[in-house]
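Here is a quick walk through one chain, written for someone who would rather look at contacts and exposure than at a cartoon alone. Have the structure open while you read.

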Amino acid sequence: MNNRFILILLLLAASFVAWTYIHYQYQESKQLRLDQLAQLPVYVYLEDEALADSLGGELRQLGQIQKVEFSSGIDAAKEIVKSYGLDVTEATLRNYDFPHVLTLLFKPELLSFPARDKALKMISARGISSVDIDTQEAAWKLCKQELTQLRGRWTISTLIIAVVLFLLAFFVRFHLYLEEKLLNLGTKQDILTAMQARKRRFRQSLLLFLIPALLSPLLYYFLVAVGTVKPLVDWQFFCIQAGTVLAGILASHLLIKGREQLSIWDFEPPAAGSPL
């Protein structure tokens, strides 16, 4: 391997590492918005404690609900007085009837959106009026809109980066082929030399695929292991990276193979009167 080929490998590998970093930033932004879901509980106000207990048990069966908390009416009133620093004694509170409160806390996952809708249907099926449910609809809707917009920007940027790196892998492989042809221009090759050239091109293609496809995930999982970054990037993303560079190399290989097949038939017929 010459120095130019090593530099090409480093350029390709650095490009894929940069792509991983950009994807990690997206995942980090996405997780930050999903974490907000855990801070957007749904409150259900109930007069019947038995109904609250029964409904709470049913809601706990939903996998995306992180916690269902029950607070008696008086305890909920005490918490409000404490939170807002109100000058109200406990004896005064006991003169009033306060509804019991079920607090639904959701996991920071995309599946929490449909799980919340299902939970609200389960609550409504128990005959509980919508005025007795604090859904925080505006906050949930805003969070969903932000995630949708973020997903759209990520999709566009990923497509652009994938196309650019596909073209980079394609032209790098083709450039190495043309460079080899220029070096051997005017030199007649025998079968053994041609076979050696094909093996050399195969080794180059293999390195062009393996170095970027392996360095990016290995570096990422090493940083995860030492605690430098969070485990936010899944293995499917690295499959997309590997598929991108592989597709570029294979497309270039098909072009090279086509040129070599055409060169077999690219000859001039013998001049008239010349011996065959």
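What follows goes from the overall layout to the aromatic pairs, the salt bridges and the surface patches.

**Layout**

Keep in mind that this is a predicted model. The chain holds 8 helices and 4 strands. Reading from the N terminus, the order of elements is α-β-α-β-α-α-β-α-β-α-α-α. The chain has 276 residues, and 33% of them count as buried.

**Aromatic residues**

How many aromatic pairs are there? The count comes to 12. One of them is Phe237 with Phe238: the ring centres sit 5.6 Å apart and the planes make an angle of 65 degrees, so this pair is edge-to-face. The cut-off behind that label is a plane angle over 60 degrees.

Are these two rings buried or exposed? Phe237 has a relative accessibility of 3%, so it counts as buried. Phe238 has a relative accessible area of 7% and is buried too. The line for calling a residue buried is under 20% relative accessible area.

The two phenylalanines also belong to a wider group. Phe16, Trp19, Tyr24, Tyr220, Tyr221, Phe237 and Phe238 make up one aromatic cluster. As for its place in the chain, Phe237 is found in helix α8, which covers residues 235-265. Its C-alpha lies 9.3 Å from that of Pro217, with the two positions 20 residues apart in sequence.

Another contact of this kind spans a much longer stretch of sequence: Leu215 and Val17 are 198 residues apart along the chain, yet their C-alpha atoms are separated by 7.7 Å. Leu215 itself is in helix α7, and at 40% relative accessibility it counts as partly exposed.

**Salt bridges**

How many salt bridges does the structure hold? There are 5. Three of them are set out here, with the N to O distance for each.

| Positive residue | Negative residue | Closest N to O distance |
|---|---|---|
| Arg33 | Glu146 | 3.8 Å |
| Lys67 | Glu69 | 3.6 Å |
| Arg116 | Asp117 | 3.8 Å |

Start with Arg33 and Glu146, which form a salt bridge at 3.8 Å. This pair ties together distant parts of the chain, 113 residues apart: Arg33 is in helix α1 (residues 3-35) and Glu146 is in helix α6 (residues 137-183). On the exposure side, Arg33 has 21% relative accessibility and so counts as partly exposed. Glu146 is at 26%, which also makes it partly exposed.

Next come Lys67 and Glu69, whose side chains meet in a salt bridge. Lys67 is partly exposed, its relative accessible area being 42%. Glu69 is partly exposed as well, with 32%.

The third pair, Arg116 and Asp117, is part of something bigger than a pair: Arg116, Asp117 and Glu137 are linked in a network of salt bridges. Which side of the Arg116 and Asp117 pair is buried, and which is partly exposed? Arg116 has a relative accessibility of 4%, so it counts as buried. Asp117, at 39% relative accessible area, is partly exposed.

**Surface patches**

Two patches are worth a look, one charged and one nonpolar. The charged one is negative and is formed by Glu47, Asp48, Glu49, Asp53 and Asp132. Where does Asp132 sit? Asp132 is in the loop between α5 (112-125) and β4 (133-134). Its relative accessible area is 31%, which means that Asp132 is partly exposed. Patch members need over 30% relative accessible area.

The nonpolar patch takes in Phe202, Leu206, Leu210, Leu214 and Leu218, which together have about 480 Å² of accessible area. Leu218 lies in helix α7, residues 191-225. At 59% relative accessibility, Leu218 counts as exposed, since the label applies over 50%.

Technical notes:
Residues are numbered from 1 along each chain as its sequence is written. This is a predicted model: local features need pLDDT of at least 70, side-chain atom pairs count only at pLDDT 80 or more; totals for chains, interfaces and linings use all residues. Side-chain values use heavy atoms; hydrogens and water are left out. Patches are made of residues with over 30% relative accessible area and no salt bridge: like charges are joined within 9 Å, nonpolar side chains (Val, Leu, Ile, Met, Phe, Trp, Tyr) within 5 Å. Accessible areas come from the Shrake-Rupley method with a 1.4 Å probe; for residues, only the protein chains shown count as cover. A salt bridge is a side-chain nitrogen of Lys or Arg within 4 Å of a carboxyl oxygen of Asp or Glu. Lys and Arg count as positive and Asp and Glu as negative; His and the chain ends are not counted. The place of a charge is taken as NZ of Lys, CZ of Arg, CG of Asp or CD of Glu. Helices (H or I, at least four residues) and strands (E, at least two) are DSSP runs, numbered from the N terminus. Buried means under 20% relative accessible area, exposed over 50%, partly exposed in between (1.4 Å probe, protein chains only). Rings of Phe, Tyr and Trp (its six-membered ring) pair if their centres lie within 6.5 Å; planes under 30 degrees apart count as stacked, over 60 as edge-to-face and the rest as tilted.
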